[in-house]
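Please open the model in a viewer and follow the stops below in order. Each stop names a selection and then describes what is found there.

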Amino acid sequence: MEPVQVPDAGVFWAFRAQCEEERGWQSKYSREGVAVWGQPPPPTGPAVHRVKCRIDIQDVPAETVYDVLHDTEYRRKWDMSVIDTHDIARLAANADVGYYAWKCPKPLKNRDVVTLRSWQVEDKSFMIINFSVKHPVSQQYPPRKDLVRAVSILAGYLLQSTGPNSCTLTYLAQVDPKGKLPKWVVNKASQYVAPRMLKKMHKACLKYPSWKQQHNVNVKPWLYPEQNKLPTMLLSDLALQHSASLENIDESSLSEVKDDSGSEN
């Protein structure tokens, strides 16, 4: 069982460097303040592409965006792709274990992940990173028959303040969705799904202050660890989740379909 560690300062520094690096990335989309890049897998390591998305936000402070990224209760309200999302247990003042299940474009099977999430705030930069874990001892949150268990090799956000009411958000992800996927899925993810999600999140950020006023306005355990009421979990009970131990679903022959309204899913 491969041990799990809460990311240290070096891990966060390396993640930030990857977010800011420009070499080796291929532009996939750039429009209206949103940009997307792709990167093929390295010669060594997992054979999974990486995607990087960036949005310039001119009317929301970084602190508000950071709250929205953390707030799982609010996520259920604005993210229509969510099937289920909740925090499972606390690992440290800046780390927890969480579950997230989401809808995939039809006719693909929907996916879910169990991840260790950790965060760091330094000066005017905010970072949240995650990677997949499992609980081998008690088999908590095993893969479900109705969902494909994906694997987050490393994913997260770099949020940088650019003014009192503006910021830049970069999302970097290397996620194995498991299975063989058709090319249209990869193209859609980089050219349609990712930009749309960032724009929807931006709109959600604009509405968050008024929503939060009506929903436990002073409760923000990501800022105030003493407010965290989650049960604790030992790091020694967790192990890294690798793709090889999960079922591989071949969806490469599936063709894209449209929903009842005529729009593509």
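**The whole chain**

Of the contacts in the chain with a separation of 6 or more, 66% are between residues 24 or more positions apart. The model is predicted. Display it as a cartoon to begin: the chain has four helices and 11 strands. Colouring by accessibility comes next, and 46% of the 265 residues count as buried. A surface representation completes this view; the accessible surface of the chain comes to about 14,000 Å², and 52% of that area belongs to carbon and sulfur atoms.

**Stop 1: helix α1**

Select residues 9-20, which make up helix α1. This helix has 12 residues and reaches 17 Å from its first C-alpha to its last, close to the 16 Å expected at 1.5 Å a residue. Show the side chains of Phe-12, Phe-15 and Cys-19, which are buried. Where do the buried residues of α1 fall when the helix is seen down its axis? They fall within an arc of 60°, so they line one face of the helix. Turn to the face directed away from this buried side, where the exposed residues Ala-9 and Trp-13 are carried. To see what covers the buried residues of α1, add strands including β3 (50-57), β6, β7, β9 and β10.

**Stop 2: aromatic rings**

Now display the rings of the aromatic residues; seven aromatic pairs are found in the whole structure. One of these can be selected as Tyr-157 and Tyr-171, a tilted pair with 5.0 Å centre to centre and 40° between the planes. The pair links distant parts of the chain, with Tyr-157 in strand β9 (residues 151-163) and Tyr-171 in strand β10 (residues 166-176), 14 residues apart. Tyr-157 counts as buried because its relative accessibility is 19%, under the 20% cut-off. Tyr-171, with a relative accessible area of 24%, is partly exposed.

Move next to Tyr-74, Tyr-208 and Trp-211, which together form one aromatic cluster. Then select Trp-37 and Lys-52: the charged end of Lys-52 sits over the ring of Trp-37, 5.7 Å from the ring centre.

**Stop 3: Leu-91**

Select Leu-91, which lies in strand β4 (residues 82-92). Is this residue, Leu-91, buried or exposed? Leu-91 is buried, with a relative accessible area of 16%. Set aside the neighbours within four places in sequence and show what remains in contact with Leu-91: Asp-96, Val-97, Leu-116, Met-233, Leu-235 and Leu-238. A distance label can also be placed between the C-alpha atoms of Leu-91 and Leu-230, which are separated by 9.4 Å and lie 139 residues apart along the chain.

**Stop 4: two positive phi angles**

The last stop concerns the backbone. Most residues other than glycine have a negative phi. Select Asp-123, which is not a glycine and yet has a positive phi of about 55°. Asp-123 lies in the loop between β6 (111-122) and β7 (125-134), and it is exposed, with a relative accessible area of 72%.

Finally, select Tyr-141, where phi is again positive at about 55° although the residue is not a glycine. Tyr-141 is found in the loop between β7 and β8 (148-149). With a relative accessible area of 33%, Tyr-141 is partly exposed.

Key. Residues are numbered from 1 along each chain as its sequence is written. This is a predicted model: local features need pLDDT of at least 70, side-chain atom pairs count only at pLDDT 80 or more; totals for chains, interfaces and linings use all residues. Side-chain values use heavy atoms; hydrogens and water are left out. Buried means under 20% relative accessible area, exposed over 50%, partly exposed in between (1.4 Å probe, protein chains only). Contact means heavy atoms within 4.5 Å. Accessible areas come from the Shrake-Rupley method with a 1.4 Å probe; for residues, only the protein chains shown count as cover. Rings of Phe, Tyr and Trp (its six-membered ring) pair if their centres lie within 6.5 Å; planes under 30 degrees apart count as stacked, over 60 as edge-to-face and the rest as tilted. A charge sits over a ring if NZ of Lys or CZ of Arg is within 6 Å of the ring centre and within 35 degrees of the ring normal. The expected span of a helix is 1.5 Å times one less than its number of residues. The arc is that of the directions from the helix axis to the C-beta atoms.
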